[in-house]
Amino acid sequence: MARVKRRKPFAPRCRVCRTNRYVVPVVYGFVNDDLIEKEHQGLLKIGGVARMVEAPNWYCKECGNEFLR
Ligand SMILES: [Zn+2]
């Protein structure tokens with residue numbers, strides 16, 4: 001069975017920009033150099049060590065919008 005390879009992982013659309021082009025996942029937990037490097041590359045956003053119940057999963061780099069899904 002052939003699997004479709006996608007270079008870009010799934011990301012939901014930003015409701016403000018109406019595209020997922022600038023949306024990156026928010027990462028919680030222990031922060032290491034690898035994560036910091038990826039944040040600098042714009043691949044993700046570091047949300048912090050402690051994760052709140054209603055903490056957003058996604059962050060839009062274009063407009064700064066944060067959302068759950
Ligand atoms: Zn946006």
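This report covers the fold, sheet, helix and core of a predicted model.

## Model and confidence

The model is predicted. Mean pLDDT for the protein is 88, and 87% of the residues score at least 70. Confidence also varies among the secondary-structure elements. Strand β3 (residues 58-60) ranks highest, with a mean of 97. Strand β2 (residues 45-48) ranks lowest, at a mean of 92. Where pLDDT is low, predicted coordinates should not be read in detail.

## Overall fold

The protein has one helix and four strands. Along the sequence they follow the pattern β-α-β-β-β. Burial is limited to 7% of the 69 residues. Among contacts with a separation of 6 or more, 40% join residues 24 or more positions apart.

## The sheet

The four strands form an open sheet with mixed pairing, in the order β2-β1-β3-β4. The edges belong to β2 and β4 (66-67). Each has a single partner strand, so one side of each lacks a neighbour in the sheet. Strands of a sheet pair through backbone hydrogen bonds, either parallel or antiparallel.

Strand β1 (residues 23-28) pairs with β2 in the parallel sense, over three bridges. Val26 has Lys45 of β2 as its bridge partner. Val27 is matched in β2 by Ile46. The β-α-β crossover, from β1 through α1 to β2, is right-handed. Strands β1 and β3 run antiparallel and are also joined by three bridges. Here Val23 has Cys60 of β3 as its bridge partner.

## The helix

Helix α1 spans residues 33-40. None of its eight residues is buried, so the helix lies largely in the open. An α-helix has 3.6 residues a turn, so residues three or four places apart point the same way. Just after α1, Gly42 adopts a positive phi of about 80 degrees.

## The nonpolar core

The largest nonpolar core holds five residues: Cys14, Val23, Trp58, Tyr59 and Cys60. Strand β3 gives the most to this core, with three residues. Val23 and Cys60 are thus core members as well as bridge partners.

Tyr59 is another core member. Leaving aside residues up to four places away in sequence, Tyr59 touches Val24, Val26, Lys45 and Glu66. Two of these contacts, Val26 and Lys45, are themselves bridge partners across β1 and β2.

## Cys14

Cys14 sits in the segment before β1, yet belongs to the largest nonpolar core. Is Cys14 buried or exposed? Cys14 is buried, because 22 other C-beta atoms lie within 10 Å, and the cut-off for burial is 20 or more.

Which residues does Cys14 touch, not counting those up to four places away in sequence? The list is Thr19, Asn20, Tyr22, Val23, Cys60, Glu62, Cys63 and Asn65. Of these, Val23 and Cys60 also share the core with Cys14. Cys14 and Arg69 lie 55 residues apart in sequence, with 9.1 Å between their C-alpha atoms.

Key:
Residues are numbered from 1 along each chain as its sequence is written. This is a predicted model: local features need pLDDT of at least 70, side-chain atom pairs count only at pLDDT 80 or more; totals for chains, interfaces and linings use all residues. A residue is buried if 20 or more other C-beta atoms lie within 10 Å of its own, exposed if 12 or fewer, and partly exposed in between; C-beta atoms are placed from the backbone. Helices (H or I, at least four residues) and strands (E, at least two) are DSSP runs, numbered from the N terminus. Two residues are in contact if their C-beta atoms, placed from the backbone, lie within 7 Å. pLDDT is the predictor's confidence in each residue, from 0 to 100. Two strands pair if DSSP finds at least two bridges between them. A nonpolar core is a set of buried Ala, Val, Leu, Ile, Met, Phe, Trp, Tyr and Cys residues joined through C-beta atoms within 7 Å. A crossover is right-handed if, with the strands pointing away from the viewer, the path from the first strand over the helix to the second runs clockwise.
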